[in-house]
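Me: Please take a close look at one buried site in this model, and then set it against the rest of the chain. Plain wording will do.

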Amino acid sequence: MAGNKSYTIVEYFGGDDGYRCGYCKNEKGNFSHGMWSHTMTVQDYQDLIDRGWRRSGKYVYKPIMNKTCCPQYTIRCHVLKFQPSKSHKKILKKMSKFISKGELPTGQDDGEPMDSVCGEEGPRELSKVCHAEMKCVAITDIQKEVAECPTITEAQKEVADAAPTGSESSRKDPVSVPDGRTTVTAPKPGAGMGADPSRPPCRKAKDLRKERRLQKEQMRQHADGVSSIVSPTPPTPTQTNQTKTLEDFINESLPDNFSHCLEFRRFLCDSPLEAEYSPDGPEVGYGSFHQQYWLDGRIVAVGVIDILPTCVSSVYLYYHPEFASLSLGSYSALREIAFTRQMQKQSPKLSYYYLGFYIHSCPKMRYKGQYRPSDLLCPETYVWLPIERCLPQLENSRYARFNQDPDAGDARVLKDVNRALVLYRRAVMPYAAYSRKRKGSSDETEVQQYASLVGQDCAERILLYRA
């Protein structure tokens, strides 16, 4: 190959055989197309993930959406508009409490399962390659795809959080009067019998603080000669209720007075993606990076991310099981969103965070939809649509075409397979020239399938290796 131009070189494996699904455990229900990537440019990988492909190590795969048992839809988050949800804030506060006071949460670890990095989605024979690449890591592997798997949805969580406890509900429920009398003096309950109805009902701390602020304001106005009868002007949102950013919450989770020290380090890591630098790109460049989480000089978690032209793509995370109760999968995702926002200041077009695949048919994988606002990729037209518009369709069917325009199609549909590039005997040539050299080659159907999956643009840039 002449010159210094970088090429993507892949081998295509097809997708006829089914294999075990890591989500529903169907032994032969998972179907996907696969390619082995010897080397890949960041722009080619950006274009591929925008067509539903995803890498696991050097293996790049695309689920056969209308055939596989658990359809996997590419999901991305708009980082500039992202605001942490109630559950996200709880995770950041939990980390803050641990760092400042040294207290590890007890009980359940918010349902973050310890799954393998590669075995869940790729064919079983390829998972061995992925695990072999990670033997040097002496901590438990978990797939970032399943970083946080709550057993209930975000809406259910908020309902559960808002529901009164046993003592609160006993204060609010009316007292039953079986004999019809209008007044009943209920006896004060003993220990363990609930709340005392003769005492005022419990009030939220937030409401008490608001009341105290209003009282102070009234006292101040009265001291200044303003009649206390006049109600004070309610504070404007910019005065007291200004929305905190993700960075505000993260900074609060790293207090100055701490019992533990949490550090972050970033290094280039080995992957099929070639490291690239651009004058208008981020200072660290493009490529694959390890994000290491160090606690008191001890490494406790490592995340792998791909920095691409328009996004940061989360690959996976592995962490020490001793710290599972800190929800490190969710915490790392929030840190990566904040990192993407930082990169966007250096490269304006880099404005998305890709969380991998959203799997609506697997309830524990719906957590990715909590990082709002987010989009899902239409599996037929490859356009992005807000997740709110897609969810009603997924409630009715596992597989759905999100684009409702019946006339819309794939803008990069394959038009001429003869222009697809092939690497044959160390020479780059279009498929038309390759087929002439092979004189009646029987692989046209396979090449046609490959080229249609990657799209015309990628087919004319990526080198398909032919033995």
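Reply: Arg55 is buried in this predicted model, because its relative accessible area is 6%, and the cut-off for buried is under 20%. Arg55 belongs to strand β3, which covers residues 54-56.

Two polar partners can be named for the side chain of Arg55. One is the backbone oxygen of Gly57, which lies 2.9 Å from a polar atom of that side chain. The other is the side chain of Ser288, joined to the side chain of Arg55 by a polar contact of 3.3 Å. Ser288 also appears among the residues in contact with Arg55 once neighbours within four places in sequence are left aside. That list further holds Tyr45, Val60, Tyr61, Ser271, Pro272, Leu273, Val304, Asp306 and Val315.

For the chain as a whole, residues 24 or more positions apart account for 68% of the contacts with a separation of 6 or more. Of the 467 residues, 48% count as buried. The chain has 13 helices and 16 strands, and its accessible surface comes to about 24,200 Å², with 51% of that belonging to carbon and sulfur atoms.

Val79 is another buried residue, since its relative accessibility is 0% and buried means under 20%. Val79 sits in the loop between β5 (73-78) and α2. Its C-alpha atom is 6.2 Å from that of Ile337, although the two residues are 258 apart along the chain. Apart from residues up to four places away in sequence, Val79 touches Ile337, Thr340, Arg341, Ser351, Tyr352 and Tyr353.

Gln344 lies in helix α9 and is buried, with a relative accessible area of 15%. Beyond residues up to four places away in sequence, Gln344 touches Leu80, Leu350 and Ser351. Ser351 is thus touched by Val79 and by Gln344.

Next comes the packing of two helices. Helix α2 (residues 86-101) and helix α9 (residues 328-346) have axes 10 Å apart and pack at an angle of about 105°. The two helices are therefore roughly perpendicular to each other, as angles of 65 to 115 degrees count as such. On the side of α2 the contact is made by His88, Ile91, Leu92 and Met95, and on the side of α9 by Leu328, Ser330, Tyr331 and Leu334. These residues divide into 6 nonpolar and 2 polar, with no charged residue.

Some backbone details remain. Most residues other than glycine have a negative phi, and most peptide bonds are trans. The peptide bond from Arg372 to Pro373 is cis, with omega near -5°. Pro373 is in the loop between β11 (352-358) and β12 (374-377).

The loop between β14 (421-424) and β15 (427-430) holds Arg425, and Arg426 is found in the loop between β14 and β15 as well. Arg425 has a positive phi of about 55° although it is not a glycine. Phi of Arg426 is likewise positive, near 65°. Arg425 is exposed, because its relative accessible area is 70% and the cut-off for exposed is over 50%. Arg426 is exposed too, with a relative accessible area of 77%. Arg55, by contrast, is buried at 6%.

Definitions and conventions
Residues numbered from 1 in each chain as written. Predicted model: local features only at pLDDT ≥ 70, side-chain atom pairs only at ≥ 80, totals over all residues. Heavy atoms only, no water. Helix = DSSP H or I, 4+ residues; strand = E, 2+ residues; numbered from the N terminus. Buried < 20%, exposed > 50% of the residue type's maximum accessible area, 1.4 Å probe, protein only. Contact = heavy atoms within 4.5 Å. Areas by Shrake-Rupley, 256 points an atom, 1.4 Å probe, with all protein chains shown as cover. Polar contact = N/O pair within 3.5 Å; in protein donor to acceptor, adjacent residues only side chain to side chain. Axes fitted to C-alpha atoms, helices over the stretch in contact; angles between N-to-C directions. Parallel < 35°, antiparallel > 145°, perpendicular 65-115°, else oblique. Nonpolar A, V, L, I, M, F, W, Y, C, P; charged D, E, K, R; others polar.
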